[in-house]
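The exercises below are to be worked through with the sequence and the 3D structure open side by side. Each task is followed by a solution that proceeds step by step.

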Amino acid sequence: MQSNQSATAVALRLVRAVARVDIAVSFAVLLLAIGVALARPADAMTVQQVKSPGGIEAWLVEEHSVPLIAMRFGFRGGSSQDPEGKGGLANFLSAMLDEGAGDLTSSQFQERQEELAMRMSYSDARDAFFGNFETLTENRTEAVKLLRLALTKPRFDEDAVERIRKQLLANLIYAARSPEKVAAKSWFEKAFPGHPYGRPSTGTAETINAITAADLEAFRKRNFARGNLKVAVVGDIDAKTLGTMLDDIFGDLPEKADLVAVADTAPVKGGLEQVVEMAVPQSVAVFGMSSIKRKDPDFMTAFVLNHILGGGGFASQLMEEVREKRGLAYSVYSYLMPEDHAAVMLGSVATKNESIAESLSVIRDVLKRMATDGPTDTELKNAKMYLVGSYALRFDTSGKIASQLLGLQMEGFGPDYIENRNAMIEAVTLDDIKRVANKLLDPSHLIVTVVGKPENMSAAGSNVVQGGG
């Protein structure tokens, strides 16, 4: 009898696995088709601003050639809203919202998703909580019911909570052995001491073990509200139908969220260097400093500057000096990270333990030279050509379009940004770049965390700590 039950369980798992593969293939084909249908210049899209009968707003791009609807939505308030001693709560919640809701247990809920060939997923950031939803047009009504249940009536059953808790704890163990993850975690701890940005969004073993089902529900109630919600939809749906759908999904949420105020901040000044010792064959460094917020008039100039500095791959100065000329590292890069309450320019390099100190020295020299001299006219022209020409690639699938539209809303821009963005890139001058580079790129304020066994660093006065679990 027991062997028959085991065989039946195995068979059911195989059936579900095959069903998931079929769904994945179906969605891949549909996404490819809609990508072809939407293969047109970004400024040729018509973005409608829809308001539901209940007052919920969304941006919509209609595309009726493929029977698929893609929705992206976000609530203000992410891991920065985690209560003291409950770090990782937002991340925990993001893993729980498809683990049963309403009358459906976890397995029943996920089986229903498979039956409807729908996708639903969640993620957290420092200042936002995001949701992704995709459904076939013919299954829209039933898929919407499932999404509404997940957002308004999640179960947080004990068995599901404990299973996800074990997964999160296992992830923490893995992260503690990853030089890249340890370096990034240490960087934010050093850059933002005593601020929510300095806490790991994934929490610690202690905080994850302290989280209860009641904590998950309390976070959901405080953060999920119509007043801090942004929505973007692309696909086979018109404005009137979308208005009804918005109320069906989000209408039962409270009007206002109960968010804790988060103070504006900036990375510590004066620069610092920390080495986290880990027995690995190469060292990983994360470096960064304060930058410019997204709505700052100089942001687009900083964006172009970063592309020339370290965001442009093999065309960037960091790659040229660190890899091409000296062969010190396979990869080195930088990027801008404008959050709601702080903005940073971050970068990373990984190389042999005996080469990391020299690599960081070269990076500091590149920053200093850029701050003093700026880029060449050719570098600026090439950067603008690439950034303008590649912008359309952000809009070549329904999911990408919805993500871009949601991001613009979360950042406080209107639909006209899409039409004006490339002109803003083209308007950046060499004098603008030099002025912003001189303001931002001060190597004396560089915060560096290195994970590994770097040579010629601890003797130079770095703060050395043990790590690696």
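**Exercise 1.** Determine which backbone atom the side chain of Ser80 reaches, and which side chain it joins in a polar contact.

*Solution.* In this predicted model, the side chain of Ser80 comes to 2.8 Å from the backbone oxygen of Arg126. A further step leads to the side chain of Asp127, with which the Ser80 side chain makes a polar contact of 3.3 Å. Ser80 itself lies in the loop that runs between β3 (68-76) and α2 (89-94). Once neighbours within four places in sequence are set aside, the residues in contact with Ser80 are Arg126, Asp127, Pro196, Tyr197, Arg199 and Val262.

**Exercise 2.** Decide whether Ser80 and Tyr197 are buried or exposed.

*Solution.* The cut-off for a buried residue is a relative accessible area under 20%. Ser80 has a relative accessible area of 8%, and therefore counts as buried. Tyr197 is likewise buried, because its relative accessibility is 1%.

**Exercise 3.** Locate Tyr197 in the chain and trace the polar contacts of its side chain.

*Solution.* Begin with the position: Tyr197 belongs to the loop between α6 (179-191) and α7 (205-210). Next, follow its side chain to that of Asp127, where the two are joined by a polar contact of 2.5 Å. Although Tyr197 and Asp127 are 70 residues apart along the chain, their C-alpha atoms are separated by 9.4 Å. The Tyr197 side chain also reaches the backbone nitrogen of His341, at 3.0 Å. Finally, with residues up to four places away in sequence not counted, Tyr197 touches a set of residues including Ser80, Arg126, Phe188, Phe192, Thr265 and Glu339. Asp127 thus appears in two polar contacts, one with the side chain of Ser80 and one with the side chain of Tyr197.

**Exercise 4.** Describe how α11 and α12 pack, and which residues meet there.

*Solution.* Helix α11 (residues 317-325) packs with helix α12 (residues 356-373) at an angle of about 145°, and their axes are 10 Å apart. The crossing of α11 and α12 is right-handed. From α11, Gln317, Leu318, Glu321 and Val322 take part, and they meet Ser359, Val362, Ile363, Val366, Arg369 and Met370 of α12. Sorted by class, this contact comprises six nonpolar, two polar and two charged residues.

**Exercise 5.** Place these details within the protein chain as a whole: what share of its residues is buried?

*Solution.* The protein chain contains 16 helices and twelve strands, and 48% of its 469 residues are buried. Of the contacts between residues at least 6 apart in sequence, 83% join residues at least 24 apart.

How values were computed:
Residues are numbered from 1 along each chain as its sequence is written. This is a predicted model: local features need pLDDT of at least 70, side-chain atom pairs count only at pLDDT 80 or more; totals for chains, interfaces and linings use all residues. Side-chain values use heavy atoms; hydrogens and water are left out. Helices (H or I, at least four residues) and strands (E, at least two) are DSSP runs, numbered from the N terminus. Buried means under 20% relative accessible area, exposed over 50%, partly exposed in between (1.4 Å probe, protein chains only). Contact means heavy atoms within 4.5 Å. A polar contact is a pair of N or O atoms within 3.5 Å; within protein, one must be able to donate a hydrogen and the other to accept it, and residues adjacent in sequence count only if both atoms are side-chain atoms. Axes are lines fitted to C-alpha atoms, for helices over the stretch in contact, and angles run from 0 to 180 degrees between N-to-C directions. A crossing is left-handed if the near helix is turned anticlockwise from the far one by less than a right angle, and right-handed if clockwise. Ala, Val, Leu, Ile, Met, Phe, Trp, Tyr, Cys and Pro count as nonpolar, Asp, Glu, Lys and Arg as charged, and the others, Gly among them, as polar.
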